[in-house]
Each structure stands twice: as structure tokens, then as C-alpha cells.
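This briefing concerns the sheet of the model shown here and the way its strands are arranged. Please keep the structure in view while reading.

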Amino acid sequence: MSTPREVTAVLFDIDGTLVDSNYLHVDAWDRAFASVGRPVDVWRIHRSIGMDSGKLLEALLGDDADSLGDAAKEEHTRLYMQTTDRLRTIGGARELLAELARHGHTVVLATSAPQSELEILLGVLEVDDSVKAVTSSEDVGTAKPDPDIIETALDKAGVPAGAAVMVGDSVWDIVAAKRAGVASIGVLSGGFGREELLSAGASAVYEDVAELLEHLDQSPIAPRG
């Protein structure tokens with residue numbers, strides 16, 4: 001996916017990109033799967049974080065997803081919500097969003113988090129002044145890697161795909177953006193590797209949003225001559 005010449009909107013994943021939440025989700029899923037009698041190797045859970053929950057359950061439980069998926073999902077939610085006091089922003093998140101807004105970019109948080117989780121994430125972020133719009137699970141039927149959430153974010157930003165860049169930490173973010181025709185930037189803060197993010201289609205990869213902010217003028221978000 002080539003980088004657009006003039007970016008007017010920047011779409012952001014939240015979990016693992018702006019808020020350090022991925023490993024809390026991994027732990028909650030690990031305990032949830034054990035509680036329904038179907039333990040899953042933790043590394044496999046981590047590799048699926050950022051994926052639509054239905055697809056995650058299919059990938060990790062296989063044929064048992066139909067019989068155990070709902071119970072595992074409910075238990076994950078219960079366990080995760082018990083750990084949200086440990087959530088914190090990833091360094092540079094607030095500053096990056098404020099800088100983009102200051103330069104006139106439309107900032108949209110493109111997540112499929114359930115509304116109950118989203119409210120907590122937004123409370124941790126405290127970026128209302130920098131953000132134009134936010135998506136949630138209520139906006140789409142299926143989440144990443146399907147492109148629906150990216151397309152919804154574009155609608156809320158009021159821009160075509162060619163005028164936006166997606167910033168995310170997982171290959172699922174990058175694949176979803178590519179399917180929607182949106183260029184993307186990867187960050188390593190969610191635990192995915194640089195090469196796999198690039199192979200998935202990211203235009204550039206940074207350690208985290210703080211490094212992206214530091215190099216913003218040389219990033220795919222900057223105007224191209």
C-alpha cells in the first residue's frame with residue numbers, strides 16, 4: 001500500500017497502540033480458556049490479540065468454539081474488567097494526538113472494543129480535545145482483519161481512503177487497513193515484530209507512538225513533495 005501524498009486524517013487503534021492493554025487481555029484470555037476446561041498456549045493467545053473476538057475464538061478453540069466460545073468470552077470480559085486499574089497510556093500517546101490535531105489532522109480512534117471497555121480506555125487516554133470521532137463494536141458486525149471498522153472510521157473522518165493513514169500495533173490492524181485501501185504505520189508496542197508488520201503492508205514501523213512523534217516530519221503522515 002503506497003503512502004498518500006496528502007494525509008488529512010489519522011486513524012488509531014487503541015489497545016496496544018495508545019494504551020498498554022494487550023498483555024492484560026492475554027492474561028484474561030489465558031485464565032478464561034482454562035476456566036472452561038480448554039487451556040490454550042499463551043503465545044498463541046498473544047498472536048491473536050487485536051483480531052475480531054469471534055475469529056480469535058475460532059482460531060484458538062477450533063471445533064470447540066461453538067460450544068465453549070460464549071462462556072470463554074464472558075469470562076474474559078469479567079477477568080479483564082478486574083484488571084483495568086492497571087491500564088496506562090503508552091508514552092507519547094497524548095502528545096502525538098495533540099500534535100496531529102494542532103496541525104489540522106482529523107484524528108479518529110478506530111477500535112472495535114465493546115462500549116464498556118471503550119469508556120475505560122477513553123478515561124485512561126484523556127484525549128477528547130484531540131479526537132474528532134471514535135468507533136466501537138456497536139458500529140460493525142465484524143472487526144479486524146475485516147476492513148469494516150476502518151471504513152467506518154473513514155466515514156466518521158469524512159475523508160476518502162487515500163487521504164488517511166492507520167496507526168496500529170498488530171498485523172490485524174495493518175491487514176484491515178490494506179483491505180480498506182488505507183496506508184498504515186506499525187508500532188512495536190503490542191508485541192508484533194517489525195518484519196511481520198512490514199510484510200503485512202505497513203509503510204513504516206516505529207518502536208511506539210513516542211518514536212513516531214519524534215520523527216513525525218519524516219513519517220508517512222508528513223506532507224509529500
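Two strands are said to pair if DSSP finds at least two bridges between them, and helices (H or I, at least four residues) and strands (E, at least two) are DSSP runs numbered from the N terminus. By that reckoning, 6 strands form an open sheet in the order β3-β2-β1-β4-β5-β6, with parallel pairing. This is a predicted model, in which local features need pLDDT of at least 70 and side-chain atom pairs count only at pLDDT 80 or more, while totals for chains, interfaces and linings use all residues. Residues are numbered from 1 along each chain as its sequence is written, and side-chain values use heavy atoms, with hydrogens and water left out.

**Edges of the sheet**
- β3 (133-134) and β6 (204-206) stand at the edges with a single partner strand each, so one side of each has no neighbour in the sheet.
- β3 runs parallel to β2 and is joined to it by 2 bridges, with Val-134 of β3 as the bridge partner of Leu-109.

**Strand β1 and its partners**
- Strand β1 (residues 9-12) pairs in the parallel sense with β2 (residues 106-109) over 4 bridges, and Val-108 in β2 is the bridge partner of Leu-11.
- β1 also pairs in the parallel sense with β4 (residues 164-168) over 4 bridges, where Val-165 is the bridge partner of Val-10.

**Cover on β1**
- In a regular strand the side chains alternate between the two faces of the sheet.
- Both faces of β1 are covered, since Ala-9 and Leu-11 on one side and Val-10 and Phe-12 on the other are all buried, meaning under 20% relative accessible area (1.4 Å probe, protein chains only).

Definitions and conventions. Buried < 20%, exposed > 50% of the residue type's maximum accessible area, 1.4 Å probe, protein only.
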